[in-house]
Structure formats: structure tokens, C-alpha cells
Amino acid sequence: MSNGRREKTSLAVLAELVGGCVSGDPSTCVSGVAPLDSAGPTQICFLANPKRKELLANCRAAVIIVPPSLAGAVETPLLLTDNPYLAFAKILTYFEVTPHKPQGVMPGALVDPSAVLGENVTISPGCVVAAGVRIGRGTLLHPNVVIYADAVIGEDCLLHANVTVRERCLLGNRVILHAGAVIGADGFGYTPAGKGYFKIPQVGHVLLEDDVEVGACSCIDRANMGVTRIGRGTKIDNLVQVAHNVQIGEDCILAAQVGFAGSARIGRHCTFGGQAAVTGHVTLGDNVTIAGRSGVTNDVASNQAMAGLPVMPHREWLKSTIAMQHLPEMRRELKQLKLKLEELTKQLSEDEG
């Protein structure tokens, strides 16, 4: 349902917004968005998979976003685009995402006098902004965000409640940090000292480049020396651990509970399924996909799809997984073959004797 920020909007305007084409009446008005199976007569929905076109017959939406191959499939007005899901996301943003109204430093926030705040920022109650911090124009800090000394936050960033950004860490523009994320905690560095361990100072920092998003309760550790870097446009899910000195390239996807050990180097446009793990000091090339619950222990070249522990090419892993399902049967057959071989060997020995 629309939140009221947008009035009813014509199909022609929405098509222009997403770069699509209209099939049907371009003056058809839309007031909000909804799923295909529950959309009402003033809403817009989408169907991305042409193989499921039979679902269109019972749809009550005012407009349906579909690929061009479904033009004319129903009498309902259609918005035709090569990427219906992307178009739907843009229209959803258009109707539902309301820019925040800047409120400045609100009562209950503690901002050091030496901090530099850009125009139109909001510092919510309970926030602490330490000495030397710089915060760019249009950035919003929700309640209880803590920014340590000399950190830099870019423009139009969104930091949700209870986020912590440690000293000297750098955030680019349009960075989103979800609740409880910690940027710049000490890396896990210790050296043996007799029966105990001596803490190695972690004196580096973290750099999140433009358009990075970090999920709830994820942790990106500061470098021992130098920088832990997350490349532009990378999206990180909840409960992800990125250790000290890790380098992650642009436009990567990290699903929940992924973990990277120290000094791993990840290329551009890599994808990691949930609970995948990467050991320290390994290098992954560009366009690498690691399946969920896989473990990377060695370097991986670019343009590979890998799975398993340790990882292997995905197709080989599928064959291995299928074979694993037949191990009990294979074990029985092997035992029977062994008995037959023993009988044949015994018989051959008796015949020779």
C-alpha cells in the first residue's frame, strides 16, 4: 500500500521512470504496489518469469509489469520491460521510500564541538559523535549511533540504531549500516607470550566505499596496519564477519553468516552464499561464485563457480553430492564384490593345486 507520499500516478509516468513501454491505456492510474496474487484494482505488480504466465489470468491489478514476450497476454494494461523485477523495485522506491526531513542535532545527542556536520544532517537522541568527526550533507544517524574520534561519514548515509563506527574509519557516500553493525572493531590479533597471549595493536582503519550496505550485527574489523577495504556497491547481509586487512572488490554480494579470515583478497562482482567461509591470505579473482556452506582454503581464479569443503568446481561438487547419496548401496555392492573375488581367488588356487 502507498504511504501517501505519492499521489496516484499514471502508467505513462511509471513507464518513463523505468524506461519501459506501455501496452494498453497509458492514462491508467496507480496508487501503490502489491504482490501479483493480492494486488487490487489501483495497484501495480510484476511477473518476471514468462513460464508462469497462467498466473496473469486471475490478477486484479491495475497494471502488471512483464517482459516484452508477454505483450498482449491479458487485457490488463501492461508495463513492458526486459527486467520486470528491477522495474518493480524502482516503482516500489518511488511510492514507498520517503526522504527524511533533516532535524539537525536533536535533544539527547552528544556532539563534540570539534565535529564538522554538513547541511541537512540528523543526529538522533542518544547518539555520540566524538572529536574530529566529519559527517557529510544529508546523513541520518538513528538513535544510539556512536562515532569514534576522527571518523569520516560521507553524504546521504543512513546509520540505523546502535551502529558503531570506530576511530579513523571512513565511509563513502550513500553508505547504509543496519542496526548493530560494528565498523572498525579491533582485528583478532595476538601473539603467544609464554602460556598466554600478547595483544597486537590494531592501528589501521576500515574504508567503506560509496553505496556499500552492511547488514544488522555484521562486523568489519580494522586493519592491523593499513586498511580493511570494502569496494563500491558491495552488499553485505546480516551477521557477516570480515577480518582485519581483508580487501573486497566492487559489487560483491555476501549472504548471511559469511566469514572472511584476515588478509583475504576478493575480486570484483563475487557472490558468497550463506555461511561460506574464506581462510586467510587467499586470493579470489573476479566473478567468482561460492556456494553456501562452502570453505575456500586456496586461491580461486576468475569466472569460477565453486562449492564444497574444500571448494571444487560446482559441477564436480554436484556429482560428488549425488554419489554421496548412494554410498550405503555402493558399500554393500563393494562388500559383495569382495566376497565374490575371494571365492574366485580361492577356487583358482584350488584348481591350480
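Two strands count as paired when DSSP finds at least two bridges between them. Keep that in mind as you click through this predicted model.

**Stop 1: the open sheet.** Start with the sheet of 5 strands, which is open and has the order β2-β7-β6-β5-β4, with mixed pairing. Its edge strands are β2 (21-23) and β4 (32-33), each pairing on one side only. Now select residues 63-66 and 78-80: these are β6 and β7, two parallel strands joined by 3 bridges. Look for V66, which stands opposite L80 in β7. As background, strands of a sheet pair through backbone hydrogen bonds, either parallel or antiparallel.

**Stop 2: two helices.** Next, select residues 11-18. That's helix α1, lying across β2, β5, β6 and β7 and running at about 20 degrees to β7. Add residues 84-96, helix α2: the axes of α1 and α2 come within 10 Å and cross at roughly 115 degrees. The crossing is right-handed. Which residues meet there? From α1 come L14, L17 and V18, and from α2 come A87, K90, I91, Y94 and F95. By class, the contact has 7 nonpolar residues, 1 charged and no polar ones.

**Stop 3: the cores.** In soluble globular proteins, nonpolar side chains tend to be buried together. Here, the largest nonpolar core has 53 residues, and L159, V165, L177, L208 and F272 have the most contacts inside it. Zoom in on L177: beyond its neighbours within four places in sequence, L177 touches residues including L158, H160, I183 and V214. A second, separate core has 16 residues, among them V30, I44, A87 and I91. You've already met A87 and I91 at the meeting of the helices.

**Stop 4: a hairpin.** Jump to residues 190-193 and 196-199. These strands, β22 and β23, run antiparallel and are joined by 4 bridges. T191 has F198 as its bridge partner in β23. The hairpin has 2 residues between its strands, and G194 takes a positive phi near 70 degrees.

**Stop 5: backbone oddities.** Most residues other than glycine have a negative phi, and most peptide bonds are trans. So what should you select now? Try N245, not a glycine, yet with a positive phi of about 65 degrees. You'll find N245 in the loop between β29 and β30. Is N245 buried or exposed? Its relative accessibility is 18%, so N245 counts as buried, the cut-off being under 20%.

Q275 isn't a glycine either, and its phi is positive at about 70 degrees. It sits in the loop between β34 and β35, and at 38% relative accessibility Q275 counts as partly exposed.

Finish at L309 and P310, joined by a cis peptide bond with omega about -5 degrees. P310 lies in the loop between β39 and β40.

Definitions and conventions: Residues numbered from 1 in each chain as written. Predicted model: local features only at pLDDT ≥ 70, side-chain atom pairs only at ≥ 80, totals over all residues. Heavy atoms only, no water. Contact = heavy atoms within 4.5 Å. Axes fitted to C-alpha atoms, helices over the stretch in contact; angles between N-to-C directions. Left-handed = near helix turned anticlockwise from the far one by under 90°. Nonpolar A, V, L, I, M, F, W, Y, C, P; charged D, E, K, R; others polar. Core = buried A, V, L, I, M, F, W, Y, C linked by side-chain atoms within 4.5 Å. Buried < 20%, exposed > 50% of the residue type's maximum accessible area, 1.4 Å probe, protein only.
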